[in-house]
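Please open the structure in your viewer and keep the selection tool at hand. We will go from one selection to the next, pausing at each stop to say what is there.

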Amino acid sequence: MKVHDLKPPSGSARPRRRVGRGIAGKGGKTAGRGMKGQGARGGVPPGFEGGQTPLSLRIPKLKGFKNPFRIEYAVVNLDTLEAFGGDEVSPEALREAGLTHKGLVKVLGRGELTRALRVRAHAFSKTAEHAITAAGGSIEVIPPPFGDRRPPARGNALTNR
């Protein structure tokens with residue numbers, strides 16, 4: 001048996017109806033288009049709504065501005081660092097603990113910090129910086145992998161990995 005020998009079981013596939021081929025049987029004369037009118041003639045383009053402004057033109061388009069150079073940070077708060085075990089906090093350690101997923105890490109100042117921690121991150125808020133140093137810890141700002149130049153314009157390459 002070869003591919004050209006394959007065919008559906010008898011009776012399962014019906015031949016398509018050829019309309020507009022004379023008055024015999026169904027689909028003669030007007031061929032299912034009715035009498036006169038727009039649908040009986042040349043054809044109606046897709047999306048045409050009878051002269052009303054089509055939906056594709058009624059919906060709003062391109063509202064607002066999306067900054068292509070935006071840098072996305074994974075956010076970690078002080079209360080999360082307090083619950084985090086260990087004295088050394090780094091993006092790799094946070095990723096292993098499941099607290100962040102990918103990209104750059106920023107530490108924010110929600111919550112209290114009661115122990116001294118050595119925190120390495122890409123950015124800190126002022127309140128987080130003061131709270132960590134007040135608790136006897138230290139901070140280290142990690143430079144972004146793209147350096148001083150801007151991140152790539154087509155989305156953030158760090159978050160699209």
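The tour begins with confidence and then moves to one sheet and its strands.

Before selecting anything, keep in mind that this is a predicted model, and that the mean pLDDT of the protein is 85, with 91% of its residues reaching 70 or more. If you colour by pLDDT, select helix α1, residues 55-58, which has the lowest mean among the elements of the protein, 88, and then strand β4, residues 118-121, which has the highest, 93.

Next, select β2, β4 and β6 together, and you will have an open sheet of three strands, arranged in the order β2-β4-β6 with parallel pairing. The strands β2 and β6 are the edges of this sheet, since each of them pairs on one side only.

Stay with β4 and show its side chains. Which of them are buried? V119 and A121 point to one face and are buried, whereas R118 and R120 point to the other face and are not. This follows a general pattern, because in a regular strand the side chains alternate between the two faces of the sheet.

Now add strand β2, residues 88-89, which runs parallel to β4 and is joined to it by two bridges; here you can find V89 standing opposite V119 of β4.

Finally, turn to strand β6, residues 138-141, which also runs parallel to β4 and is joined to it by four bridges. Select R118 to find its bridge partner in β6, S138, and then select V119, whose bridge partner in β6 is I139.

Notes:
Residues are numbered from 1 along each chain as its sequence is written. This is a predicted model: local features need pLDDT of at least 70, side-chain atom pairs count only at pLDDT 80 or more; totals for chains, interfaces and linings use all residues. Side-chain values use heavy atoms; hydrogens and water are left out. pLDDT is the predictor's confidence in each residue, from 0 to 100. Buried means under 20% relative accessible area, exposed over 50%, partly exposed in between (1.4 Å probe, protein chains only). Two strands pair if DSSP finds at least two bridges between them.
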